[in-house]
Amino acid sequence: MKKMKPNSVAIFQPAPTFPKSGDGTIPYKQDADILWLSGIVQEKTYVILYPDNPDKNMREVLVVLKPNDLMEKWVGHKLRKDEATAISGISNVQWLDGLDVMLQVMMNSADTVYLNTNEHNRLDTELPRIDLLFVHEFMKKYPTQNFDRAARIMKELRCIKTKEEVAITQIAVDITQKAFDRVLKFVKPGVMEYEIEAEITHEFLRNRATGHAYECIIASGDRARVLHYIDNNRECKDGELILMDFGAEYGNYNADLTRTIPVNGKYTKRQKEVYNACLAVHNYCKSILKPGINFQDYMKKMGEEMTKQQLKIGLISKADVKNEDPANPAFKKYMYHNVSHHLGLVVHDVGSYTDKVQEGMLFTVEPGIYIEEEQMGIRIENDIWITKNGHNDLFKNIPITVEEIEAAMKRKK
């Protein structure tokens, strides 16, 4: 509210319910901004902020679906007003059927209206967007209003995680760690990728995770070079590596872990060499990811370290580096993705990738080396909360070195 223009109102609409085939629906997932502002996970929930409203009672309003007995017989309990207040801290709770009249009154006095849309840089969808439909219809209904973008403010606010948000994320991380410990004892030659995924899912659910933070990646052998491999249907063979990229969701916050382990419990000399090169980049990135560093400078330094490590293990030559195109450095042949992204209510959470890193941001650190000629892919990923003088590695207690992973895999039950 402090970042809004004078005499302005901000309207945040919920995520829609998405259909499946027939009359089925995909399990509901609330809009991340509604979650951040209110904590309400129930569908058809709106948050309205009007800090300069002359009626002090109307400066913060939560709008929820009005329950009825028949609906609850089919879909279960819906929030009463006192329950919604207890969760959100918003004292003025209104029913959805009164939304239009309330907004009309506000529009007659507000000078600026903030409307919210999904402005994620990586958004790519062929579906008609409900958030844009709401915005278009609202602007058509009130054409003389001045409009602004709420997403710009929310992006700035949500990228800084509070200690309470990180405490919930740490629970998601701890559940993910339990699943990783489980699969270290489970993996052996002949196991199927989907069986490993099943073990992870079992451990998530028995620890009260709400599910996977994203589609589980269990990529053995050459499949590890496909960054978002989710088929998970191949046999894991003796001598191969398995790249496992997975994370638990808990309390709507997400963990994001990647480890690359040997199917038979022992890295070959070459696998160890490449793994240690990737780990060196991982550790270097963590060492420089501190408040004040510009994100683009961070990426540049990562590239320099990755170049150094790829030279060391013979993937590129000094001539390759000397003759490289600055827009497409030599190291990118074997590492073709960014090394960090924001993490939070969304796995690829909102936040700037052009400004300086700030205290409170939560990033992944996930360098990878992918070698087509050797049918090998290695990635190592931890989640890092930026502190005043450095960072806190939320995955600091789980195996990450070759020696730690091999020792953990020997302790099979």
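The legends below describe three close-up views of a predicted model.

**View 1. Asn 53 in the loop between strands S2 and S3.**
The loop that holds Asn 53 runs between strand S2, residues 46-49, and strand S3, residues 60-64. Asn 53 counts as buried because its relative accessibility is 8%, and buried means under 20%. The side chain of Asn 53 reaches the backbone nitrogen of Asp 55 at 2.9 Å. When its neighbours within four places in sequence are left aside, Asn 53 is in contact with Met 58, Arg 59 and Met 106.

**View 2. Strand S1 and its two covered faces.**
Strand S1 spans residues 8-12 and is mostly covered, with five of its five residues buried. In a regular strand the side chains alternate between the two faces of the sheet. Ser 8, Ala 10 and Phe 12 lie on one side of S1, Val 9 and Ile 11 lie on the other, and all of these residues are buried, so that both faces of the strand are covered.

**View 3. The pairing of S1 with strands S5 and S2.**
Strand S5, made up of residues 112-115, pairs with S1 in the parallel sense, and four bridges join the two strands. Within this pairing, Val 9 has Val 113 of S5 as its bridge partner. S1 and S2, in turn, run antiparallel and are joined by three bridges, and here Ile 11 of S1 stands opposite Ile 48 in S2. Val 9 and Ile 11, the residues named in these two pairings, are the ones that lie on one side of S1, where both are buried.

Methods
Residues are numbered from 1 along each chain as its sequence is written. This is a predicted model: local features need pLDDT of at least 70, side-chain atom pairs count only at pLDDT 80 or more; totals for chains, interfaces and linings use all residues. Side-chain values use heavy atoms; hydrogens and water are left out. Buried means under 20% relative accessible area, exposed over 50%, partly exposed in between (1.4 Å probe, protein chains only). A polar contact is a pair of N or O atoms within 3.5 Å; within protein, one must be able to donate a hydrogen and the other to accept it, and residues adjacent in sequence count only if both atoms are side-chain atoms. Contact means heavy atoms within 4.5 Å. Two strands pair if DSSP finds at least two bridges between them.
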